[in-house]
Amino acid sequence: MFNPSIVEWIVGRFTSGKRAASIVGDLLELESQNGTLWFWLSLVRVVLALAWRRPLAFVAAFYAGTWAMGGFQRAIAGVHAQHRPPEYPWMLVFMVLCTAATILLSLLVYSAIRYGFSDRVTQLALAFAGLTTAVIYFWWLRAILVACIALSIYVTVASILSGERRRAATVLLVVLAIGFGGGLLAMYLGTQYQHFVYPGPMGDRELREHLSVIWMGFCTQLMWTWMMTATCSRMHYWRRGNQSLDSEIQRTSS
């Protein structure tokens with residue numbers, strides 16, 4: 001005989017506690033007619049229906065961040081970059097901007113899949129990701145640069161004046177802070193492992209001979225994405241007053 005509270009706890013990881021109790025209660029009422037095997041199969045189906053957004057959003061955010069970091073860096077400092085910013089300190093400023101744009105794009109993809117485009121955090125991430133991307137690719141056009149700066153100030157002020165938007169902006173700021181910290185940690189771990197495996201500059205031949213360096217980079221990228229998405233999930237939970245937003249999405253989609 002199993003403990004119903006444990007089953008409710010499992011379901012409650014993916015929806016609100018009240019809804020988890022209702023789902024488990026309905027399954028328990030039908031268990032006497034359909035059997036224990038039916039109960040557990042139904043429970044698995046319910047969990048999968050509630051949880052599919054999380055892994056999909058994580059994978060999409062991972063690939064979006066990987067693509068964005070490479071694309072932004074090539075646009076600024078790549079061999080074929082048509083417009084390179086001036087050297088120090090502007091190159092450092094643009095590298096920070098590239099990192100911020102990568103974090104914002106990862107957050108946008110994750111939040112859009114998991115919470116939808118009607119979510120305030122998704123809308124803010126979309127606005128700032130678009131503005132930072134426009135600056136990275138068209139920074140030498142003064143009209144676009146001035147327009148992006150003005151729009152960034154407008155969105156920031158609008159976020160401060162509204163209570164709901166202010167909480168969404170707080171989520172965005174915390175994810176950005178964790179993203180920068182996690183990015184530095186991932187870079188440090190990857191660099192230290194590379195120096196441990198091959199103490200010197202690595203080209204294509206050295207990378208082919210030491211594939212573990214590539215796998216280490218893959219793992220650190222996963223860690224970085226997990227830190228950002230986990231922070232986004234926890235901050236969303238806080239923003240909703242410790243109520244799961246997933247449960248609302250499931251109700252509106254059913």
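Just after helix α2, glycine 35 adopts a positive phi of about 100 degrees. The model described here is predicted. Helix α2 covers residues 17-34, 18 residues in total. Its first and last C-alpha atoms lie 25 Å apart, close to the 26 Å expected at 1.5 Å a residue. Five residues of α2 are listed as buried: Ala20, Ile23, Val24, Leu27 and Glu31. These buried residues pack against α1 (4-12) and α3 (36-51).

The chain as a whole contains eleven helices and zero strands. Read along the sequence, its pattern is α-α-α-α-α-α-α-α-α-α-α. The C-alpha trace spans about 75 × 55 × 25 Å along its principal axes. Of the 254 residues, 41% count as buried. Among contacts with a separation of 6 or more, 70% join residues 24 or more positions apart.

Helix α8 runs over residues 163-197. The 35 residues of α8 should span 51 Å at 1.5 Å a residue, and the end C-alpha atoms are 51 Å apart, which agrees. Its buried residues include Ala168, Ala169, Val171, Leu172, Val175 and Leu176. Four glycines of α8 are also buried, namely Gly179, Gly182, Gly183 and Gly190, as is Ala186. The buried residues of α8 pack against α5, α6, α7 and α10.

One partner of α8 is helix α6, residues 120-138. The two axes come within 9 Å and cross at roughly 65 degrees. The crossing is right-handed. From α6, the contact draws on Arg120, Val121, Leu124, Ala125 and Phe128. From α8, Glu164, Arg165, Ala168, Ala169, Val171 and Leu172 take part. By class, this contact has eight nonpolar, no polar and three charged residues.

Leucine 172 also reaches beyond α6. Leaving aside neighbours within four places in sequence, leucine 172 is in contact with Leu104, Leu107, Leu124, Ala125 and Phe128. In the largest nonpolar core, which has 41 residues, Leu172 is among those that touch the most other members. The others in that group are Ile76, Leu107, Leu124, Ile136 and Val175. At least two residues of this core come from each of α4, α5 (90-115), α6, α7 (142-161), α8 and α10. Helix α5 gives the largest share, eleven residues. A second, separate core has twelve residues, including Val7, Val11, Phe14 and Leu50. In soluble globular proteins, nonpolar side chains tend to be buried together.

Helices α4 and α10 form another packed pair. Helix α4 covers residues 53-77 and α10 covers residues 211-239. Their axes are 10 Å apart, at an angle of about 120 degrees. This crossing, too, is right-handed. On the α4 side, the contact involves Phe58, Ala61, Phe62, Gly65, Thr66 and Met69. On the α10 side, the residues are Phe218, Gln221, Leu222, Trp224, Thr225, Trp226 and Thr229. Eight residues of the contact are nonpolar and five are polar, with no charged residue.

Two residues of this contact, Met69 and Trp224, also touch threonine 99. Threonine 99 is found in helix α5. Its third listed partner is Phe180, with residues up to four places away in sequence not counted. Is threonine 99 buried or exposed? The relative accessibility of threonine 99 is 19%, so this residue counts as buried; the cut-off is under 20%.

Towards the end of the sequence of α8, the accessibility values differ from that case. Leucine 189 lies in α8 and is partly exposed, with a relative accessible area of 30%. Leucine 189 is in contact with Met216, Thr220 and Met223, leaving aside neighbours within four places in sequence. The C-alpha atoms of leucine 189 and glycine 217 are separated by 8.8 Å, although the two residues are 28 positions apart along the chain. Histidine 195 is also in α8. At 43% relative accessibility, histidine 195 counts as partly exposed. Between histidine 195 and phenylalanine 218 the C-alpha distance is 16 Å, at a sequence separation of 23 residues.

Terms used. Residues are numbered from 1 along each chain as its sequence is written. This is a predicted model: local features need pLDDT of at least 70, side-chain atom pairs count only at pLDDT 80 or more; totals for chains, interfaces and linings use all residues. Side-chain values use heavy atoms; hydrogens and water are left out. Axes are lines fitted to C-alpha atoms, for helices over the stretch in contact, and angles run from 0 to 180 degrees between N-to-C directions. A crossing is left-handed if the near helix is turned anticlockwise from the far one by less than a right angle, and right-handed if clockwise. Contact means heavy atoms within 4.5 Å. Ala, Val, Leu, Ile, Met, Phe, Trp, Tyr, Cys and Pro count as nonpolar, Asp, Glu, Lys and Arg as charged, and the others, Gly among them, as polar. The expected span of a helix is 1.5 Å times one less than its number of residues. Buried means under 20% relative accessible area, exposed over 50%, partly exposed in between (1.4 Å probe, protein chains only). A nonpolar core is a set of buried Ala, Val, Leu, Ile, Met, Phe, Trp, Tyr and Cys residues joined through side-chain atoms within 4.5 Å.
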